[in-house]
Amino acid sequence: MFSLTRQEKGVILFLLAMALAGSGISFLRKKYSRVETVIECGINTWKVDLNKADKEMLMGVPGIGEKIASRIIEYRSEKGAFKDMEELRSIKGVSAYRFEKIKESLSVK
Amino acid sequence: MKRPLLALAIFFSFGIILASLISLPFGWIYFCALILFILSALFLKKELLFKLLICGLAFVTGIILLCNAQVIPKSDIVNFVPLNNNSLSCVIQGVINSEPDFKDNKTFFVLKAEKAWVKNRKANCSGNLLVYIKGRPRLVYGEELILKGELRRIVASNKKQGYSNYLSNQNIYSVFAVKEKHHVIMIKKNQAPKIMLLASGLKAKIKRIISLNIIPAQASILKAMILGEKSAIPQQIYNSMVKTGTVHILVVSGFNVGIVAFILNLFLKLIRLPRRLRFVIATLCLILYCLVTGASNPVLRATIMAVVFMWGFLIEREPDQHNALALAMLFILVINPKQLFDIGFQLSFASVFSIIFLYPKLKALLRLESLKLRFLRNLASGCLVSFSCWIGTMGLVACYFRLFTPITVLANLFIVPLATLITLCGFSLIFAYFFLPAFSPYFSQSAEMAVMLLFCVNSFLVKLPWAYFNLASN
């Protein structure tokens, strides 16, 4: 059927040993895995915090582009933290339509 | 003849099949494997006994790997869905793990889950899930997202090759539906390995080049042939190619990898690089191409075989097709043993297996070498390759697609050369776009014409009497 040199036998045994060891460890890790609770919180925490988010995170919200994200950061550094979501309306580029679109993805804490 | 890997791959596969049929206790099987391993190490010098022990060990390793693959960890996202309720409203954070695709006004992709917000608690989680988003948000592979939607457990299908079984073979057990675009927040970019991001960027660039230069229907065929992107192919054309048994050209397979390897070697030879360097560059490019096309089973198989062949020549050892095929099989199955039940895997290996086993035997039987005219000899060889492939895959096609396609042998004789031409035009267009943009219209027009010809030939063949038989309706 096939013939093997001593080195080839060694290599095959080594690879099979690795596959066995790997699958054994993986099996134990899966079997004894637990669900780790990070924090008890409300479901709304998934929203982007208008006062803490950086530019990239703000740009991740559908409806906020690079310019508006920069203006939000500028507004925050000039006038301090947002107290109310309505303050967003005073930022240039945030029309009534855009405000309705983005407000569901944002929160003010 | 030295074909140790072939025997190991066969015993390993039998182990997987046995484990899929009956439930076996992992601990006891693992204990047997350890005993077999110790005995194999002890009887290293006994030729026959060692061979028997090593085949037994490969068989038991197959069982162990499948048993392990079937265990779903408690932290997997699917375990968040209560058993008595099939769906759960929640928020999930994770990284996009596949190229986002768009079909029927929905964007879909695989998400690697990291955190979940369920019932007022945030918990770490793991596992992949299939995400559907209504509309077409701008999303890219490797982005980290927070999504709000409905999580559902995938219910196993009774069909042998149902979509749920396909997903389960890919270790995806849940679906997440996002109804609004604003329920998607991108928090970080480029969270995937650098090589995968490079492959994803390259794929997007190639897609753009094809879309810019070629009209939509033809572009969809070219994208499928070069990148394995099938979602834009008109359903009518796809069905027609299934009926002629030529749909294999619409997925990236060994055929495409062979063409890429050929073009690369030719190009590197032209610029007179030393052989060793040429093979190193070709290997790296083939691996990159494999990643660009999503590393599906046929591409992975062909890439491994091509790399084994090239490096075999390099170290001056005669490469063996059977061993290379077995190595590719073991490589894929060790990573995910469930792939043995994937139709793409079965068709890919069955076709290559029949070409390397059946074709030489048929060739010898029909004494093709005695044909004096070279053209006739080549034509007969082409027919025999196509016939061997058809014989090898006929059973699988009949079983899964409920089709019997006698036209396949004839169709492949016309369609495969056309597909080669289209693929060559496609790759030339991409190279020309980067290095000689003025030449790209020539290649794009040639590709368009060749695809048009392919449509015509295929629609003519499918209309021939007894071209195909639908077994489901009979």
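## Helices α9 and α10 of chain B

In chain B, α9(B) meets α10(B) through two sets of residues. B:R276, B:F279, B:A282, B:T283, B:L286, B:I287 and B:C290 come from α9(B). B:V299, B:L300, B:T303, B:A306, B:V307, B:M310, B:W311 and B:L314 come from α10(B). Sorted by class, this contact holds twelve nonpolar, two polar and one charged residues. The model is predicted.

How are the two helices oriented? Helix α9 of chain B covers residues 275-292. Its axis lies 10 Å from that of α10(B), and the packing angle is about 175 degrees. Angles over 145 degrees count as roughly antiparallel, so α9(B) is roughly antiparallel to α10(B).

## Helices α10 and α12 of chain B

Helix α10 of chain B, residues 297-314, also approaches helix α12 of chain B, residues 343-365. Their axes come within 8 Å and cross at roughly 40 degrees. That crossing makes α10(B) and α12(B) oblique to each other.

Which residues make the contact? On α10(B) they are B:N297, B:P298 and B:R301. On α12(B) they are B:G344, B:F345, B:S348 and B:F349. The classes here are three nonpolar, three polar and one charged.

## The loop after α10

B:D320 sits in the loop between α10 and α11 of chain B, with α11 spanning 321-335. Is B:D320 buried or partly exposed? B:D320 has 19 C-beta neighbours inside 10 Å. A residue needs 20 or more to be buried, so B:D320 counts as partly exposed.

B:D320 can also be placed relative to B:M305. The two are 15 residues apart in sequence. Their C-alpha atoms are 9.7 Å apart in space.

## Chain B as a whole

Chain B contains 15 helices and ten strands. Its radius of gyration is 24 Å, close to the 23 Å that the globule rule gives for 474 residues. Chain B is therefore as compact as a globular protein of that length. Along the principal axes, its C-alpha atoms fill a box of roughly 80 × 65 × 60 Å.

Of the 474 residues in chain B, 41% are buried. Contacts in chain B with a separation of 6 or more can be split by distance along the sequence. Residues 24 or more positions apart account for 71% of them.

## Helix α3 of chain B

Helix α3 of chain B runs over residues 47-70. At 1.5 Å a residue, its 24 residues should span 34 Å. The end C-alpha atoms are 35 Å apart, which agrees.

How many residues of α3(B) are buried? The count is 17 of the 24, so α3(B) is largely enclosed by the rest of the structure.

## Two asparagines with positive phi

Most residues other than glycine have a negative phi. B:N105 has a positive phi, near 60 degrees, and is not a glycine. B:N105 lies in the loop between β2 (101-103) and β3 (106-118) of chain B. With 8 C-beta neighbours inside 10 Å, B:N105 counts as exposed.

B:N171 also has a positive phi without being a glycine; its value is about 65 degrees. The loop that holds B:N171 joins α4 (163-169) and β7 (172-178) of chain B. Here there are 14 C-beta neighbours inside 10 Å, so B:N171 counts as partly exposed.

## Where chain A touches chain B

The contact takes 41 residues from chain A and 44 residues from chain B. On the chain A side, α1 (6-31), β1 (37-40) and α2 (55-59) each supply at least two residues. Which element gives the most? That is α1(A), with 14 residues. By class, the chain A side has 20 nonpolar, eleven polar and ten charged residues.

## A:D49 in chain A

A:D49 belongs to strand β2 of chain A, residues 48-49. A:D49 has 14 other C-beta atoms within 10 Å, so A:D49 is partly exposed. Leaving aside neighbours within four places in sequence, A:D49 is in contact with A:S107 and A:K109.

How far is A:D49 from A:L4? They are 45 residues apart in sequence. In space they are 64 Å apart, C-alpha to C-alpha.

Note on methods. Residues numbered from 1 in each chain as written. Chains lettered and ligands numbered in written order. Predicted model: local features only at pLDDT ≥ 70, side-chain atom pairs only at ≥ 80, totals over all residues. Axes fitted to C-alpha atoms, helices over the stretch in contact; angles between N-to-C directions. Helix = DSSP H or I, 4+ residues; strand = E, 2+ residues; numbered from the N terminus. Parallel < 35°, antiparallel > 145°, perpendicular 65-115°, else oblique. Contact = placed C-beta atoms within 7 Å. Nonpolar A, V, L, I, M, F, W, Y, C, P; charged D, E, K, R; others polar. Buried ≥ 20, exposed ≤ 12 C-beta atoms within 10 Å, placed from the backbone. Expected span 1.5 Å × (residues − 1). Rg over C-alpha atoms; globule rule 2.2 N^0.38 Å.
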